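The following exercises concern helix packing, burial and backbone geometry in a single protein chain. Each task is followed by a solution worked in steps.

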Amino acid sequence: KGLSERRGRMSWAACCSNKQMQDLVFGGSDTSMYRDAAKGRREASCQWCFELVQMYVVGKSVTWICCNCKGISDACEKCGQPVRSATIRKDNFKTCSICFLKNFKKVEKQKHAVITAPRTLSQLQKELEKDTVFRQNAAKAGMLRPFLFLVSLPAVARMQIAINLGWTFLVEACLGDAHAEAWEVISRKGLGLRDRMTRMRDSWLRREVNWYSVLLPLCEELCVPAYMNWSEEFVSPKLSYSEALAECHATSPANIDSLENEFTDKIGKHQRARMSSLQACSLAELKNSEPIRKLLAVPCLQGQAIQPLLSYAIDSSYLLLARRDGSDGTGAVEPQDLLLDVVDFFAGVCVDEKKLFAECMGSKEPGRMGRDGVVTERDENPPGSILNANITGFWLTMDLLDVDTSAPSGRVLAPMFQMLLHKARLSMHGVRIEDYCRGDF
């Protein structure tokens, strides 16, 4: 009974760590959603990420969850295809995009073009400097800092963040406009960061939902136990309303920058604390291997701002690789595999960014070492896929930390954590968000 109850309330993040859920038999029938639900899997077109994916169910429900983007869908009453609630018609007839919208292929092509469009470092810098009405709105609201973080993210990452928060850009006019998408993530009514964070504890007392009032309740909810006070957990001071307001409208907010770094470091440490002694010993051995020592010596990873990202990237990549063989985090991990996955974790700023790691990766074509010692071709995410958002590690973190994905803190943790880690990625290329805020205040 206890096991069945636990399966019934498992979060969608659990599929990243619970290998039993990943190994369920694929459903083969397209005509009976209940038969497919009993099997646990089916192949279908996702109306969140607009890809042909494997959908799965958890427990005894007939609510389908996309294995790629974790979008949650009901079943179309006409053909049985999963359909997200936003496309349910007013007469309550749940109709999917293939039966009703008839634009699945068109949207899929648009998404592929946006995701695969290359972006150089100079193009990124011009995007951060560009003055738009969305940027002005963010500056007035005290949300310019997260706005620029979102603009600097790759387009596929913003798509995934929107799906996490409860909608998708792929059927909206703002698709492809970094500034419009970033402001939508912040301000969308009922679903954006500002409206979701007002539901956090104590945040209703704050008069303006600025960047600090988004960060503070999340830090309190996830890092400060009820029996402890703020100063016992955080070095960064807890600001008053007037102090926070001044910081959010400052060009170089030192206290907010310190809080961002400390929060990122704490989440990584909480995840590391959940490792077993066997995993900790195995990871320590891997860090002493030749490929990882070469990685740790790369010049662009020596800055203090990079260390939380580096530690988190190594820990998350190891935990994911240790689960790939179906075990509960006890599988063997090869140093070269860990190196390649960590380098992939640093991607997302501009084209040719992997040249920074050319010395430690060598000139050989990347491959994956099997247990039999044979190197096989390395799996790559399909071009234009939502999988290129590369946030599977964040979902694993949420499951390991027992974060409720239906709670406000669970909804915003993955997007917020991705934004804060991206700040460290930018610093690898010499990009500081503070340098692009000077003309706004």
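**Exercise 1. Packing of H9 and H22**

Is the crossing of H9 and H22 left-handed or right-handed? Determine also the relative direction of these helices and the residues that form their contact.

*Solution.* The model under study is a predicted one.

Step 1. The crossing of H9 and H22 is left-handed.

Step 2. H9 comprises residues 155-165 and H22 residues 408-428; their axes lie 8 Å apart and the packing angle is about 160°. Angles over 145 degrees count as roughly antiparallel. H9 and H22 are therefore roughly antiparallel to each other.

Step 3. On the H9 side, the contact is made by Ala-157, Ile-161, Ile-163, Asn-164 and Leu-165; H22 contributes Arg-411, Val-412, Ala-414, Pro-415, Gln-418 and Met-419.

Step 4. Sorted by class, the contact of H9 with H22 has eight nonpolar residues, two polar residues and one charged residue.

**Exercise 2. A second partner of H9**

At what angle do H5 and H9 pack? Classify the arrangement and list the contributing residues.

*Solution.*

Step 1. H5 (residues 104-116) packs against H9 at an angle of about 125°, with the axes 8 Å apart.

Step 2. This angle falls outside the ranges for roughly parallel, roughly perpendicular and roughly antiparallel, and the rest count as oblique. H5 and H9 are therefore oblique to each other.

Step 3. Lys-111, Val-114 and Ile-115 of H5 meet Ala-155, Val-156 and Met-159 of H9.

Step 4. The contact of H5 with H9 has five nonpolar residues, no polar residues and one charged residue.

**Exercise 3. The surroundings of H21**

How many of the residues of H21 are buried? Identify what covers them, and then analyse the packing of H18 on H21.

*Solution.*

Step 1. Seven of the nine residues of H21 are buried, so H21 is largely enclosed by the rest of the structure. The buried residues are Gly-393, Phe-394, Trp-395, Leu-396, Thr-397, Met-398 and Leu-400.

Step 2. The cover over these residues includes H9, H15 (254-273), H18, H19 (335-345) and H22.

Step 3. For H18 (residues 307-322) and H21 (residues 392-400), the axes come within 10 Å and cross at roughly 80°. That makes H18 roughly perpendicular to H21.

Step 4. Tyr-312, Ser-316, Leu-319 and Leu-320 of H18 make the contact with Thr-392, Gly-393, Phe-394, Leu-396, Thr-397 and Leu-400 of H21. By class, the contact of H18 with H21 divides into six nonpolar, four polar and no charged residues.

**Exercise 4. Positive phi values**

What is the phi of Asn-390, and what is that of Asp-402? Place both residues in the chain and state their exposure.

*Solution.*

Step 1. Asn-390 has a phi near 55°, a positive value in a residue other than glycine. Asn-390 lies in the loop between S7 (375-377) and H21.

Step 2. With a relative accessible area of 28%, Asn-390 is partly exposed.

Step 3. Asp-402 is likewise a residue other than glycine with a positive phi, near 55°. Asp-402 belongs to the loop between H21 and H22.

Step 4. Asp-402 has a relative accessible area of 61% and is exposed.

**Exercise 5. Two glutamates and helix H8**

Is Glu-220 buried or exposed? Treat Glu-127 in the same manner, and then examine H8.

*Solution.*

Step 1. Glu-220, in H12 (residues 211-223), has 6% relative accessibility and counts as buried. The side chains of Glu-220 and Lys-238 are joined by a polar contact of 2.8 Å.

Step 2. Glu-127, in H6 (residues 121-129), counts as partly exposed at 22% relative accessibility.

Step 3. Apart from neighbours within four places in sequence, Glu-127 is in contact with Val-151, Ala-178 and His-179. Glu-127 and Ala-178 are 51 residues apart along the chain, and their C-alpha atoms are separated by 8.0 Å.

Step 4. Val-151 is one of the buried residues of H8. H8 (residues 144-152) is mostly covered, with nine of its nine residues buried.

**Exercise 6. The whole chain**

How many helices and strands does the protein have? Give its overall burial and contact range.

*Solution.*

Step 1. The secondary structure comes to 22 helices and seven strands.

Step 2. Of the 441 residues, 52% count as buried.

Step 3. Among contacts between residues at least 6 apart in sequence, 63% join residues at least 24 apart.

Terms used
Residues are numbered from 1 along each chain as its sequence is written. This is a predicted model: local features need pLDDT of at least 70, side-chain atom pairs count only at pLDDT 80 or more; totals for chains, interfaces and linings use all residues. Side-chain values use heavy atoms; hydrogens and water are left out. Axes are lines fitted to C-alpha atoms, for helices over the stretch in contact, and angles run from 0 to 180 degrees between N-to-C directions. Helices (H or I, at least four residues) and strands (E, at least two) are DSSP runs, numbered from the N terminus. Angles under 35 degrees count as roughly parallel, over 145 as roughly antiparallel, 65 to 115 as roughly perpendicular and the rest as oblique. A crossing is left-handed if the near helix is turned anticlockwise from the far one by less than a right angle, and right-handed if clockwise. Contact means heavy atoms within 4.5 Å. Ala, Val, Leu, Ile, Met, Phe, Trp, Tyr, Cys and Pro count as nonpolar, Asp, Glu, Lys and Arg as charged, and the others, Gly among them, as polar. Buried means under 20% relative accessible area, exposed over 50%, partly exposed in between (1.4 Å probe, protein chains only). A polar contact is a pair of N or O atoms within 3.5 Å; within protein, one must be able to donate a hydrogen and the other to accept it, and residues adjacent in sequence count only if both atoms are side-chain atoms.
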